[in-house]
Amino acid sequence: MNLGKNLDISCGAREARSYIWYRLLLAIFLVFATALVVQPVAAQAQEYQFSSIKVEGNQRIQTSTIIEYTGIERGKTVTSGQLNDAYQHILDSGVFETVELSPRGNTLVIKVSEYPTINIINFEGNKRIKDEDLAALIVSASRRVFSPSQAERDAAILAEAYSQQGRISAVVTPRIIRRSDNRVDLVFEIAEGDTVEIERISFIGNTVYSDRRLRRVLETKQAGILRRFIRSDTLIEDRIEFDKQVLRDFYLSRGYVDFRITSTNVELTRERDAFYLVVNVQEGQQFRFGSITTVSEMSVADAAEFQEAIKIKPGVVYSPLLVESTIARLERKAIRDGIDFLRVEPRITRNDRDLTLNVEFVLTKGPRIFVERIDIEGNTTTLDRVIRQQFRIVEGDPFNPREIRESAERIRALGFFANADVQAREGSSTDQVVVDVDVVEQPTGSLSLGGTYSADSGFGIAIGLQEANFLGRGQRVKFYLSTAQEAREFTFGFTEPYLLSRDLQFDLDLGYAKTDSSFTQYDTKVVYFRPGLTFPISENGKLQARFFANNSEMLARTDSTAGTVISNEIAAGALQSNGLGFTYTYDSRLTGLNPNAGFLFQIASDFAGLGGDNQYIKSNAKLIAQSRVLSEEVTLRATFEAGALNWQSNTSSRTLDRFRLGGQTLRGFEPDGIGPRDVTGTSDDALGGNFYAVARFEAEFPLGLPEELGIRGGVFYDVGNLWNLNDVDTTGATIVGANGSLRHVIGISVLWDTMIGPLQFNFTKALKKESFDKEKNFDLTLSTRF
């Protein structure tokens, strides 16, 4: 039984295998048969030959133009692939909404549906950006063919414009409204969304400088209480990229040559209404200059002489700016010495053990390339010569790439142009270079209007006009007019920065002023005329020479209780002072080795006696020094100033001619609040003094408040004296304070950066004063910065 059963199973298996082989052979036969039968038919279906081509549906586009798009010629064989290419060519022309190709025997029928033309373009939903500003951004325009793809690209451009204003959630959707005659109205529906601000900017990896100090470097700011007016607290990608470069420059200028920004991360807040900006940095170690040497590869250049021109000293914190300024100084020396084509190549050796960088300045011979010409474009208002004055080279001079870069910076610093691009390209030969200057003009004038009102004097107006590029000549003109009863004033100023096309500045100031001060027992009237010339005498120093002519008068007031001295000065009437003067200024910050410290020294003298009524020598000097300490969080500043008046006329000097103190010169006192006084009878007149000396010491520091508020604190200590009334007729007067005494004042300040300028609130206390001084315990002023 088992054997028979196994035999039956074996026979069944053989039959099954035979059936499978049968099905497989049948399938192979059918495949080959299909290929043999179908292939000739398919090949035959892929070839066409048209004796005529017919176009249907076209209205604006000519039939011949559409046939030309296809590339199909009558009577020639055309494959299905070529038909497909013809279809794509017509569609790619961008003027047809639909295309259909239908072979009908020997005729090819092309049916097209043209895109409509744009009738008008409207913007809906926009409030922050005006229609005309949006229209200037897009490519689509009225009376042009509508293109859906271009409309989508335009919508993306508009959305990006809103993103640049911090409205990254703005959505722009293009819609069309069909009109007759195959026209459409293109409408951009805009959902502006809310401004997405930067709630907080933080740094990771910084140990030398605090987040607060680094945030002050960035142009991007955190949202503050003035967020409605300050647009720098919105998230703009281009601004963040700019800030990354600014941050690198900040660290590099302070010796951190290995500084890197590893990443910048932007995260939405939990409420999804603001961003957190996190900047990851690696500060590295601070490097200083090691040895500074000079070697020459040119026989005409003496390395020792060039070494003496280098101002960098070993131990100074390394800064690429110092290296660049040294290279520029050495190349300028080569030009003065008549050495053409000299180039300075810095070779820097790193010493990680002592954290120094040795710099070797190599004097090499550059290629013999000359400036063929300087081409200037885009200056619709500014004259060519104004731009050319910023170049230290002219056509035919040896070409110096560094000088071209510095010239470009000087052109941008003029403030006349929204954009200034300076590039050098090959000229008519390989040894000639053409310098192309492409600028975009911007407004350079300003107009200010103001008004005053008092119950006694009524209304007054104040008009100010300034133009920094007068008639495109690079000249500065300013005009100011005030009709207020307390201060009637007219002033006019003119400046030509490049007189006779040289680095020689000409200034002309003239004006009339009549004041009615509540601090004095007299009014004043002054008319003045002051022309002057200013020119550099060193890298850091400049000298101004001037002529002055002043006519001044002290006028009696009807309610005056003036004492003997003031009454005599009023009786003298109008007096004329003519003379010559000079002012010398030295500013170490122009080529300073330390970006966090510097000083300014200024000395001036006026010599009156060229005719007129008065003869005198009046001199004053000022020294300001400043330094940032404690990771640049605290600013220390010291100011010393003094003056002396040597009266040489036979007549008595007047209060107008002498020095007066108070206000900002010596804080804690009213204007004319200290110094000699006439206390005859009921009078209390400040007389000024022939000599004064003041020292001011102050410190500014953060208060721990969010820096977006722009509020900092300060403390200060002022000490000063005003004395001497020699050559003053005091007959019959009771004088106090003529010998003078030092006044000591301490105080605290609150400094607030506002849209109208830096405000300073001073709260003072006089530690030592005289009984006749006029103290002032609070003062609000516009802060001045060194």
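A residue is called partly exposed here when its relative accessible area falls between the buried limit, under 20%, and the exposed limit, over 50%. Ile748 has a relative accessibility of 48%, so it goes down as partly exposed. The model behind these values is a predicted one.

Ile748 sits in strand β34, which covers residues 743–754. On the surface, Ile748 also belongs to a nonpolar patch, where its partners are Val715, Phe763, Phe778 and Leu780. Taken together, the residues of this patch put about 440 Å² of accessible area on show.

Turning to empty space, the second largest pocket holds about 1,100 Å³. Its lining counts 35 residues, and Lys618, Leu656, Asp657, Arg658 and Arg660 are the ones closest to the pocket centre. Strands feature in this lining: β22 (505–515), β23 (522–536), β24 (541–556), β26 (597–612), β27 (616–629) and β28 (634–647) each supply two or more residues. As for chemistry, the lining of the second largest pocket is a mix, with 14 nonpolar, 10 polar and 11 charged residues.

Strand β26, one of the elements giving two or more residues to that lining, is also where Gly611 is found. With a relative accessibility of 42%, Gly611 is likewise classed as partly exposed, because this value lies between the 20% and 50% cut-offs. Gly611 and Gln423 are 188 residues apart along the chain, and 55 Å separates their C-alpha atoms.

Key: Residues are numbered from 1 along each chain as its sequence is written. This is a predicted model: local features need pLDDT of at least 70, side-chain atom pairs count only at pLDDT 80 or more; totals for chains, interfaces and linings use all residues. Side-chain values use heavy atoms; hydrogens and water are left out. On a 1 Å grid over the protein atoms alone, a cavity is a set of points where a 1.4 Å probe fits but cannot get out, and a pocket is an open set with protein on both sides within 12 Å along at least five of seven lines; lining residues have an atom within 4 Å of a point. Grid points are joined across faces, edges and corners, and a volume is the space filled by probe spheres set on the points. Helices (H or I, at least four residues) and strands (E, at least two) are DSSP runs, numbered from the N terminus. Ala, Val, Leu, Ile, Met, Phe, Trp, Tyr, Cys and Pro count as nonpolar, Asp, Glu, Lys and Arg as charged, and the others, Gly among them, as polar. Buried means under 20% relative accessible area, exposed over 50%, partly exposed in between (1.4 Å probe, protein chains only). Patches are made of residues with over 30% relative accessible area and no salt bridge: like charges are joined within 9 Å, nonpolar side chains (Val, Leu, Ile, Met, Phe, Trp, Tyr) within 5 Å. Accessible areas come from the Shrake-Rupley method with a 1.4 Å probe; for residues, only the protein chains shown count as cover. A salt bridge is a side-chain nitrogen of Lys or Arg within 4 Å of a carboxyl oxygen of Asp or Glu.
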